[in-house]
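Colleague: I would like to learn how to read helices and strands in a model such as this one. Could we go through a few elements together?

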Amino acid sequence: MRTAYTSDQIRAAEAALMARLPEGTLMARAAAGLASVCAGMLTASAGKVYGSRVTLLIGSGDNGGDALYAGARLARRGARVVAVLAGSRAHPGGRAALLGAGGRVVAYEEALARDLIIEADLVVDGLVGIGGAGALREPYATLARLCADAHRVVAVDVPSGVDASSGRVDGPAVRAHVTVTFGAYKNGLLIDPGASHAGRVELVDIGLGPYLPDPDVVALTGPDVADLLPRPIEETDKYRRGVVGIVAGSDRFTGAAVLCVAGALRAGVGMVRFASTAEPVRYVRTRWPEAVTTVLDGTEPDPVGKIGRVQAWVLGPGMGTDERAHALARAVLATDEPVIVDADGVTLAARDPSLLRRSAPTVITPHAGELSRLLGVPRDRIEARKLEHARRAAAELGVTVLLKGMTTLVAEEDRPVRVNTTGTPWLATGGTGDVLSGIIGALLSAGLPGYEAASCGAYLHGRAALLAVHGGAEAGAEGPIAALDVAEALPEAIRTL
Ligand SMILES: NC(=O)C1=CN([C@@H]2O[C@H](COP(=O)(O)OP(=O)(O)OC[C@H]3O[C@@H](n4cnc5c(N)ncnc54)[C@H](O)[C@@H]3O)[C@@H](O)[C@H]2O)[C@@H](O)CC1
Ligand SMILES: [K+]
């Protein structure tokens with residue numbers, strides 16, 4: 001499991017560790033780790049450190065200090081190092097170390113900075129780290145923009161302009177090829193848009209481990225998901241593996257039903273009971289003979305009873321938002337089984353908040369627009385502060401929230417937010433959400449709690465998509481995918497966890 005923290009948590013841990021060490025020890029450790037990654041990159045791109053050109057962008061805080069000390073190490077190995085000072089002040093010890101090692105220091109001037117950035121084999125972003133607050137001020141903002149023309153950029157601790165605690169980016173921010181982060185991951189390195197500015201993240205151990213509190217954000221890895229996933233044992237029968245009831249589709253939206261069932265079946269459910277109006281039932285029966293189907297015409301006094309016993313429900317994809325759908329949603333949410341509420345189900349819940357007041361576990365899977373309707377908060381506010389709003393929705397609604405987006409977040413009260421690290425932009429295609437809700441329904445029916453089902457479901461969904469994009473391989477050339485390809489790649493995604 002990859003754990004991440006807010007700036008305040010990191011600062012508190014650093015203070016506790018620093019109190020036990022001679023002054024400057026942590027910065028020396030940080031700079032040594034940074035210099036070693038930089039040297040590796042220079043060797044890879046320029047062939048050697050000696051004679052290579054390194055430009056340091058230096059802010060007035062300790063982030064700049066790290067970069068200056070690392071620059072001094074590179075200068076001692078023969079690199080031609082120039083530091084551009086963005087502020088009137090620069091870390092005095094770091095500055096002296098760089099000058100002592102034969103590096104140069106220049107004051108910011110735009111044309112000069114541009115040349116130094118473009119000509120460098122490596123640009124080191126030491127503008128701001130966890131001390132950054134709000135949008136970058138000038139000339140930091142201009143320097144961050146100029147980095148777009150650099151050959152290679154290494155960000156120190158956090159790409160400047162990215163909020164370390166949330167991943168927010170207000171205005172220009174450095175886009176790094178590699179981020180060298182110290183002591184522990186910061187939330188902003190895992191959550192977009194920050195995550196996509198960070199490039200590859202290299203963690204340098206500075207001894208912070210024992211002083212870190214419970215993480216604020218975590219990311220599951222393949223082995224974590226492998227451990228959490230229920231696997232059938234010899235005595236398992238289909239009922240014990242989990243029966244999921246899928247209430248999805250309508251005469252207008254038959255595809256959502258087929259895709260949702262696909263997700264559940266390929267994620268390894270024991271059995272699917274599918275219920276809908278006549279058309280989607282016909283499509284599901286044709287495509288998935290494995291599913292047991294029930295036609296609901298909307299006149300049943302007890303639709304849930306007619307469907308039969310299940311261990312969990314998927315409610316919503318393509319079901320519509322009319323009176324009939326509302327009554328059906330009410331009936332499913334009145335049961336004592338876990339329910340994952342998706343798509344039209346979320347829209348119904350936004351209109352009638354009483355639907356989500358239930359004691360059994362509930363997972364909702366909104367995107368920012370749907371969450372905006374649920375919380376009554378503008379969509380752009382949610383998109384700018386996803387972490388905060390996913391948490392708030394979980395607390396206010398008393399449910400597990402899977403907030404979809406460039407990075408998918410799973411929030412539940414009193415738990416660290418789980419951020420999903422799998423996936424590909426190719427997933428932004430119609431119907432993939434229906435597959436995801438089927439997967440989560442399958443995992444819920446197998447007995448996983450909502451928090452685990454949602455986060456493992458998102459992981460598998462993203463991993464399956466990646467495999468599909470690469471034609472079944474882990475990496476390589478990419479090609480487009482359709483939602484059903486994602487479902488079909490699930491068994492391989494699980495096999496190769
Ligand atoms: N505290 C520690 O024990 C360690 C800290 N280290 C480094 O120290 C960094 C934190 O250092 P600081 O607390 O000095 O903070 P930073 O260096 O991250 O940033 C603070 C400086 O940036 C300026 N600043 C803040 N927001 C700005 C904005 N939006 N636009 C322009 N300027 C802005 C501030 O005025 C201040 O001068 C870490 O990210 C890490 O790189 C490492 O050396 C490891 C050990
Ligand atoms: K930085």
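Colleague: How many residues lie between strand 17 and strand 18 in the hairpin that they form?

Modeller: Bearing in mind that this is a predicted model, the hairpin of strand 17 and strand 18 has 5 residues between its two strands. Strand 17 (residues 400-403) and strand 18 (residues 409-411) run antiparallel and are joined by 3 bridges, with Leu-403 standing opposite Leu-409. Strand 17 also pairs with strand 16 (residues 362-364), to which 2 bridges join it in a parallel arrangement, and there Ile-364 stands opposite Val-401.

Colleague: Which residues of strand 17 are buried on one side and which on the other?

Modeller: In a regular strand the side chains alternate between the two faces of the sheet. In strand 17, Thr-400 and Leu-402 are buried on one side, while Val-401 and Leu-403 are buried on the other, so that both faces are covered.

Colleague: Why are the buried residues of helix 4 on the same side of it?

Modeller: An α-helix has 3.6 residues a turn, so residues three or four places apart point the same way. In helix 4 (residues 92-100) the buried residues are Gly-94, Arg-95, Ala-97 and Leu-98; they are on the same side because they cover an arc of only 160 degrees around the axis. These buried residues pack against helix 3 (62-76), strand 3 (80-85) and strand 4 (104-107), whereas the face turned away from the buried side carries the exposed residues Pro-92 and Gly-100.

Colleague: What phi does Gly-102 take just after helix 4?

Modeller: Gly-102 has a positive phi there, of about 95 degrees.

Key
Residues numbered from 1 in each chain as written. Chains lettered and ligands numbered in written order. Predicted model: local features only at pLDDT ≥ 70, side-chain atom pairs only at ≥ 80, totals over all residues. Buried ≥ 20, exposed ≤ 12 C-beta atoms within 10 Å, placed from the backbone. Helix = DSSP H or I, 4+ residues; strand = E, 2+ residues; numbered from the N terminus. Arc of directions from axis to C-beta. Contact = placed C-beta atoms within 7 Å. Pairing = 2+ DSSP bridges.
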